[in-house]
Amino acid sequence: MKKIRTLRGVFLGPPGAGKGTQAKVFCERRNLVHVSTGDLLRREVKNETPLGAKASEIMTRGDLVPDSLVLEITKKRLSAEDCRTRGFVLDGYPRNCAQAMDLDTTLKSMALPLDVVVYFEVSRASLIERLSGRRVCPKCAANYHVREAPPKDDRRCDHCGAELVQREDDRPQAIENRLMVYKDQTRELVDYYTERNLLVPIDASGNIDEVARRVFEKLKDIP
Ligand code: AMP
(Lines give C-alpha, C1' and ligand atoms only; values in the text may rest on other atoms or scores of the structure.)
Protein backbone atom coordinates (compact mmCIF):
# COMPACT_ATOMS: atom_id res chain seq x y z
CA MET A 1 0.00 0.00 0.00
CA LYS A 2 1.27 3.52 -0.84
CA LYS A 3 2.43 5.37 2.26
CA ILE A 4 0.58 8.66 2.82
CA ARG A 5 3.03 11.51 3.21
CA THR A 6 1.89 13.74 6.04
CA LEU A 7 3.63 16.77 7.46
CA ARG A 8 3.13 18.59 10.75
CA GLY A 9 4.46 22.11 10.61
CA VAL A 10 4.31 25.59 12.05
CA PHE A 11 4.53 28.72 9.88
CA LEU A 12 6.17 31.38 12.03
CA GLY A 13 6.82 35.05 11.37
CA PRO A 14 5.62 38.59 12.01
CA PRO A 15 2.11 39.71 11.07
CA GLY A 16 2.11 40.57 7.38
CA ALA A 17 4.89 38.13 6.44
CA GLY A 18 2.41 36.15 4.32
CA LYS A 19 2.20 33.06 6.55
CA GLY A 20 -1.54 32.69 6.04
CA THR A 21 -1.37 33.03 2.27
CA GLN A 22 1.55 30.64 2.02
CA ALA A 23 0.00 28.14 4.42
CA LYS A 24 -3.11 28.06 2.26
CA VAL A 25 -1.14 27.48 -0.97
CA PHE A 26 1.14 24.88 0.61
CA CYS A 27 -1.70 22.97 2.28
CA GLU A 28 -3.64 22.79 -0.98
CA ARG A 29 -0.61 21.39 -2.81
CA ARG A 30 0.27 18.87 -0.13
CA ASN A 31 -3.30 18.06 0.97
CA LEU A 32 -2.66 19.20 4.55
CA VAL A 33 -5.05 20.87 6.96
CA HIS A 34 -4.51 24.63 7.37
CA VAL A 35 -5.04 25.56 11.02
CA SER A 36 -5.12 29.35 11.48
CA THR A 37 -5.82 30.40 15.07
CA GLY A 38 -6.71 33.89 13.79
CA ASP A 39 -9.41 32.37 11.54
CA LEU A 40 -10.66 30.09 14.34
CA LEU A 41 -10.92 33.06 16.70
CA ARG A 42 -12.61 35.29 14.10
CA ARG A 43 -15.18 32.52 13.59
CA GLU A 44 -15.89 32.46 17.34
CA VAL A 45 -16.36 36.24 17.27
CA LYS A 46 -18.65 36.07 14.24
CA ASN A 47 -20.74 33.30 15.83
CA GLU A 48 -20.96 35.35 19.04
CA THR A 49 -19.81 32.45 21.26
CA PRO A 50 -18.69 33.10 24.87
CA LEU A 51 -15.07 32.56 23.76
CA GLY A 52 -15.57 35.00 20.89
CA ALA A 53 -16.95 37.60 23.29
CA LYS A 54 -13.81 37.33 25.42
CA ALA A 55 -11.48 37.56 22.41
CA SER A 56 -13.14 40.26 20.31
CA GLU A 57 -11.85 43.45 21.90
CA ILE A 58 -8.37 42.04 22.44
CA MET A 59 -8.13 41.15 18.75
CA THR A 60 -9.28 44.59 17.61
CA ARG A 61 -6.42 46.14 19.59
CA GLY A 62 -3.94 43.65 18.14
CA ASP A 63 -3.03 42.13 21.51
CA LEU A 64 -2.73 38.42 22.21
CA VAL A 65 -5.79 36.51 23.35
CA PRO A 66 -5.09 34.59 26.64
CA ASP A 67 -3.07 31.40 26.11
CA SER A 68 -5.72 29.19 27.73
CA LEU A 69 -8.43 30.28 25.26
CA VAL A 70 -6.23 29.78 22.21
CA LEU A 71 -5.06 26.42 23.52
CA GLU A 72 -8.67 25.32 23.92
CA ILE A 73 -9.60 25.97 20.26
CA THR A 74 -6.26 24.76 18.88
CA LYS A 75 -6.38 21.49 20.81
CA LYS A 76 -9.91 20.86 19.66
CA ARG A 77 -8.96 21.44 16.02
CA LEU A 78 -5.80 19.32 16.16
CA SER A 79 -7.65 16.39 17.71
CA ALA A 80 -9.93 16.09 14.68
CA GLU A 81 -9.37 13.08 12.47
CA ASP A 82 -8.23 15.07 9.40
CA CYS A 83 -5.29 16.64 11.25
CA ARG A 84 -4.19 13.25 12.51
CA THR A 85 -4.36 11.47 9.17
CA ARG A 86 -3.40 14.21 6.68
CA GLY A 87 -1.07 16.37 8.78
CA PHE A 88 -1.37 20.14 9.24
CA VAL A 89 0.24 23.55 9.11
CA LEU A 90 -0.33 25.78 12.12
CA ASP A 91 -0.51 29.44 11.12
CA GLY A 92 -0.42 32.00 13.95
CA TYR A 93 0.19 29.45 16.70
CA PRO A 94 2.26 29.38 18.85
CA ARG A 95 2.89 33.07 19.47
CA ASN A 96 4.93 32.90 22.70
CA CYS A 97 7.03 30.39 24.60
CA ALA A 98 4.21 29.32 26.92
CA GLN A 99 2.11 28.43 23.85
CA ALA A 100 5.06 26.58 22.29
CA MET A 101 5.32 24.48 25.44
CA ASP A 102 1.54 23.90 25.45
CA LEU A 103 1.84 22.76 21.84
CA ASP A 104 4.70 20.39 22.66
CA THR A 105 2.61 18.82 25.43
CA THR A 106 -0.50 18.55 23.25
CA LEU A 107 1.32 16.96 20.32
CA LYS A 108 3.25 14.64 22.60
CA SER A 109 0.03 13.35 24.14
CA MET A 110 -1.23 12.60 20.62
CA ALA A 111 2.11 11.09 19.54
CA LEU A 112 2.27 13.59 16.66
CA PRO A 113 5.60 15.44 16.85
CA LEU A 114 6.33 18.52 14.74
CA ASP A 115 8.43 18.00 11.61
CA VAL A 116 9.33 21.59 10.80
CA VAL A 117 8.93 25.25 11.69
CA VAL A 118 9.17 27.58 8.71
CA TYR A 119 10.31 31.08 9.63
CA PHE A 120 9.26 33.84 7.20
CA GLU A 121 11.75 36.72 7.11
CA VAL A 122 10.78 40.06 5.56
CA SER A 123 11.55 43.77 6.08
CA ARG A 124 9.42 45.94 8.37
CA ALA A 125 8.52 48.25 5.45
CA SER A 126 7.09 45.29 3.49
CA LEU A 127 5.11 44.11 6.52
CA ILE A 128 3.41 47.48 6.89
CA GLU A 129 2.68 47.70 3.17
CA ARG A 130 1.25 44.16 3.11
CA LEU A 131 -0.94 44.66 6.20
CA SER A 132 -2.29 48.07 5.29
CA GLY A 133 -3.17 46.96 1.73
CA ARG A 134 -4.90 43.76 2.80
CA ARG A 135 -8.65 43.38 2.18
CA VAL A 136 -10.73 40.44 3.31
CA CYS A 137 -14.09 38.96 2.46
CA PRO A 138 -16.35 39.08 5.54
CA LYS A 139 -18.42 36.20 4.16
CA CYS A 140 -15.95 33.53 2.98
CA ALA A 141 -12.70 34.86 4.54
CA ALA A 142 -10.82 35.08 1.20
CA ASN A 143 -7.82 37.44 1.31
CA TYR A 144 -6.78 40.08 -1.22
CA HIS A 145 -4.24 42.87 -1.49
CA VAL A 146 -5.03 46.18 -3.19
CA ARG A 147 -1.87 46.00 -5.33
CA GLU A 148 -0.39 42.49 -5.09
CA ALA A 149 -3.53 40.38 -5.34
CA PRO A 150 -6.55 42.59 -6.17
CA PRO A 151 -10.01 41.09 -6.77
CA LYS A 152 -11.20 40.98 -10.39
CA ASP A 153 -14.12 43.27 -9.71
CA ASP A 154 -12.70 46.22 -7.80
CA ARG A 155 -14.13 45.78 -4.29
CA ARG A 156 -16.01 42.50 -4.45
CA CYS A 157 -14.92 38.99 -3.54
CA ASP A 158 -14.09 36.79 -6.56
CA HIS A 159 -15.60 33.76 -4.86
CA CYS A 160 -18.86 34.95 -3.32
CA GLY A 161 -19.38 38.55 -4.48
CA ALA A 162 -19.52 40.05 -0.96
CA GLU A 163 -18.11 43.55 -0.47
CA LEU A 164 -14.53 43.40 0.80
CA VAL A 165 -13.51 45.08 4.05
CA GLN A 166 -10.33 46.03 5.88
CA ARG A 167 -9.72 44.06 9.09
CA GLU A 168 -9.96 46.36 12.10
CA ASP A 169 -6.56 45.16 13.24
CA ASP A 170 -5.07 46.16 9.85
CA ARG A 171 -5.55 49.84 10.72
CA PRO A 172 -2.37 51.83 11.49
CA GLN A 173 -2.49 51.85 15.30
CA ALA A 174 -3.30 48.16 15.60
CA ILE A 175 -0.55 47.32 13.06
CA GLU A 176 2.01 49.17 15.21
CA ASN A 177 0.80 47.28 18.27
CA ARG A 178 0.86 43.88 16.54
CA LEU A 179 4.44 44.43 15.37
CA MET A 180 5.45 45.38 18.90
CA VAL A 181 3.72 42.33 20.38
CA TYR A 182 5.54 40.18 17.83
CA LYS A 183 8.91 41.66 18.77
CA ASP A 184 8.25 41.33 22.52
CA GLN A 185 6.65 37.89 22.63
CA THR A 186 6.77 35.90 19.40
CA ARG A 187 10.26 36.60 18.07
CA GLU A 188 11.84 34.50 20.83
CA LEU A 189 10.31 31.40 19.25
CA VAL A 190 13.02 31.62 16.60
CA ASP A 191 15.54 30.61 19.28
CA TYR A 192 13.13 28.09 20.80
CA TYR A 193 12.80 26.17 17.54
CA THR A 194 16.40 26.67 16.44
CA GLU A 195 17.49 24.92 19.65
CA ARG A 196 15.18 22.03 18.75
CA ASN A 197 16.60 21.80 15.21
CA LEU A 198 13.23 22.48 13.63
CA LEU A 199 13.69 25.96 12.16
CA VAL A 200 13.87 26.50 8.40
CA PRO A 201 14.25 30.21 7.50
CA ILE A 202 12.67 31.43 4.25
CA ASP A 203 13.19 34.72 2.46
CA ALA A 204 9.58 35.98 2.37
CA SER A 205 10.22 39.01 0.16
CA GLY A 206 8.78 39.07 -3.37
CA ASN A 207 5.44 38.02 -4.76
CA ILE A 208 3.19 35.16 -3.61
CA ASP A 209 4.38 32.71 -6.31
CA GLU A 210 8.07 33.38 -5.68
CA VAL A 211 7.72 32.77 -1.95
CA ALA A 212 5.52 29.70 -2.54
CA ARG A 213 8.23 28.19 -4.76
CA ARG A 214 10.86 28.75 -2.05
CA VAL A 215 8.66 27.14 0.60
CA PHE A 216 7.87 24.15 -1.56
CA GLU A 217 11.53 23.67 -2.52
CA LYS A 218 12.77 23.84 1.07
CA LEU A 219 10.12 21.44 2.37
CA LYS A 220 10.12 18.96 -0.47
CA ASP A 221 12.12 16.36 1.47
CA ILE A 222 10.39 16.92 4.81
CA PRO A 223 9.49 14.69 6.55
P1 AMP B 1 -3.83 36.55 12.80
O2 AMP B 1 -4.96 36.33 11.87
O3 AMP B 1 -2.95 35.34 12.95
O4 AMP B 1 -3.06 37.80 12.50
O5 AMP B 1 -4.48 36.75 14.25
C6 AMP B 1 -5.37 37.82 14.50
C7 AMP B 1 -5.48 38.07 15.99
O8 AMP B 1 -6.00 36.90 16.64
C9 AMP B 1 -4.16 38.34 16.69
O10 AMP B 1 -3.74 39.68 16.59
C11 AMP B 1 -4.52 37.96 18.14
O12 AMP B 1 -5.31 38.94 18.74
C13 AMP B 1 -5.40 36.73 17.92
N14 AMP B 1 -4.58 35.49 17.87
C15 AMP B 1 -4.38 34.66 16.82
N16 AMP B 1 -3.58 33.65 17.14
C17 AMP B 1 -3.24 33.84 18.44
C18 AMP B 1 -2.41 33.16 19.36
N19 AMP B 1 -1.74 32.06 19.01
N20 AMP B 1 -2.30 33.66 20.62
C21 AMP B 1 -2.97 34.74 21.01
N22 AMP B 1 -3.74 35.46 20.19
C23 AMP B 1 -3.89 35.02 18.91
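# Ligand shell and sheet

Visitor: Which ligand atom does a polar side-chain atom of R95 lie by, and how many Å away?

Guide: A nitrogen atom of the ligand, 2.9 Å from a polar side-chain atom of R95. A polar contact here is a pair of N or O atoms within 3.5 Å. This is a predicted model, where local features need pLDDT of at least 70, side-chain atom pairs count only at pLDDT 80 or more, and totals for chains, interfaces and linings use all residues. Residues are numbered from 1 along each chain as its sequence is written, and side-chain values use heavy atoms, leaving out hydrogens and water.

Visitor: What about R42 and R167, which ligand atoms do they reach?

Guide: Oxygen, in both cases. A polar side-chain atom of R42 lies 3.0 Å from a ligand oxygen, and for R167 the distance from a side-chain N or O atom to a ligand oxygen is 3.2 Å.

Visitor: How much of the ligand does the protein cover?

Guide: 95% of the 480 Å² of accessible area that the ligand has on its own (Shrake-Rupley method, 1.4 Å probe).

Visitor: Which residues come nearest?

Guide: T37, D63, G92, R95 and Q99, out of 16 around the ligand (a heavy atom within 4 Å counts as near). By class, the shell has six nonpolar, four polar and six charged residues, with Gly counted as polar and Asp, Glu, Lys and Arg as charged.

Visitor: Which helix gives the most?

Guide: Helix α2, residues 37–46, with four residues in the shell. Helices and strands are DSSP runs, H or I of at least four residues and E of at least two.

Visitor: Switching to the sheet. What is the strand order?

Guide: β2-β3-β1-β4-β7, an open sheet of five strands with parallel pairing (strands pair if DSSP finds at least two bridges between them). β2 (33–36) and β7 (199–203) are at the edges with a single partner strand each, so one side of each has no neighbour in the sheet. The twist averages 20° from one strand to the next, using axes fitted to C-alpha atoms and angles from 0 to 180 degrees between N-to-C directions.

Visitor: How many bridges join β1 and β3?

Guide: Five, between residues 7–12 and 87–91, in the parallel sense. One bridge partner in β3 is V89, which pairs with G9.

Visitor: And how many aromatic pairs are there?

Guide: Four, where Phe, Tyr and Trp rings (the six-membered ring for Trp) pair with centres within 6.5 Å, and planes under 30 degrees apart are stacked, over 60 edge-to-face and the rest tilted. F11 and F26 have ring centres 6.0 Å apart and planes at 45°, so that pair is tilted. F11 is in strand β1 and F26 in helix α1 (residues 19–30), so the pair ties together parts 15 residues apart in sequence.

Visitor: Which peptide bonds are cis?

Guide: Among them, Y93 to P94, with omega near 0°, and I222 to P223, with omega near -5°. P94 sits in the loop between β3 and α6 (97–109), and P223 in the segment after α10 (208–219).

Technical notes
A polar contact is a pair of N or O atoms within 3.5 Å; within protein, one must be able to donate a hydrogen and the other to accept it, and residues adjacent in sequence count only if both atoms are side-chain atoms.
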